[in-house]
Amino acid sequence: MALNLSQKQEVVAELAEVAAKAHSLVAAEYAGTTVEQMTAMRKKARESGVYLRVVKNTLASRAVAGTEFEVVKDALVGPLLYAFSTEEPGAAGRLIKEFAKGNDKLKAKIVSVEGKLLPAAHVDVLAALPTREQALAMLARVLAEPATMFARVVKAVADKQGGGEVAAEAPAEAEPA
């Protein structure tokens with residue numbers, strides 16, 4: 001069904017708003033994808049914080065104008081599915097990569113992160129980025145490591161000097177003096 005001018009303006013405005021806040025964009029060819037596969041992909045996209053939309057390339061090119069995704073304008077060719085990561089940079093890459101495994105018709109064509117247009121093969125790199133929770137866990141481990149190492153050194157020194165026994169005997173010897 002064709003959109004009238006006001007509907008097109010609404011689509012462009014909605015996409016522009018999402019693009020302005022998104023961390024990354026993956027555009028994929030979807031021709032040949034079944035309705036069931038698209039429905040499953042949309043459901044997974046909602047769960048993982050990915051804005052997924054099929055829209056005409058001319059409307060998408062107008063929507064990304066003035067955003068960091070403006071670099072993709074010349075590459076928007078053919079029927080494309082647009083996946084914007086709204087919560088974490090790697091979410092769209094993981095979504096497209098996951099569904100491309102079960103569907104050889106779904107192929108990443110454009111990857112854009114931080115104002116850079118990357119080759120489609122970079123969808124694997126984008127998908128490999130840690131989630132927010134994984135990144136926080138890695139940071140916590142890195143921050144806890146110096147304290148853990150210090151505790152090990154103190155324990156090793158105490159064990160080498162017989163620390164636990166000497167500390168208990170030292171106050172007993174000091175009292176008779």
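Colleague: How many of the residues in the protein are buried?

Modeller: Keep in mind that this is a predicted model. A residue is called buried when its relative accessible area is under 20%. Here, buried residues make up 31% of the 177 residues. As for the accessible surface, that comes to about 11,100 Å², with 59% of it belonging to carbon and sulfur atoms.

Colleague: Glutamate 88 caught my eye. Is it buried or exposed?

Modeller: Compare its value with the cut-off. Glutamate 88 has 14% relative accessibility, so it counts as buried. You'll find it in the loop between strand E3 (80-85) and helix H4 (91-101).

Colleague: And what does glutamate 88 touch?

Modeller: Leave out residues up to four places away in sequence, and its contacts are His23, Arg94, Thr131 and Arg132.

Colleague: Now alanine 121. Where does it lie?

Modeller: Look in the loop between strand E5 (116-118) and helix H5 (123-128). The cut-off for exposed is over 50%. Alanine 121 counts as exposed because its relative accessibility is 57%. Try finding lysine 109 too: it is 12 residues from alanine 121 in sequence, and their C-alpha atoms are 8.4 Å apart.

Colleague: Zooming out, what pattern does the protein follow along the sequence?

Modeller: Read helices as α and strands as β, and you get α-β-α-β-α-β-α-β-β-α-α-α. That's 7 helices and 5 strands.

Colleague: What share of the contacts with a separation of 6 or more comes from residues 24 or more positions apart?

Modeller: In this protein, such pairs account for 79% of those contacts.

Note on methods: Residues are numbered from 1 along each chain as its sequence is written. This is a predicted model: local features need pLDDT of at least 70, side-chain atom pairs count only at pLDDT 80 or more; totals for chains, interfaces and linings use all residues. Side-chain values use heavy atoms; hydrogens and water are left out. Helices (H or I, at least four residues) and strands (E, at least two) are DSSP runs, numbered from the N terminus. Buried means under 20% relative accessible area, exposed over 50%, partly exposed in between (1.4 Å probe, protein chains only). Contact means heavy atoms within 4.5 Å. Accessible areas come from the Shrake-Rupley method with a 1.4 Å probe; for residues, only the protein chains shown count as cover.
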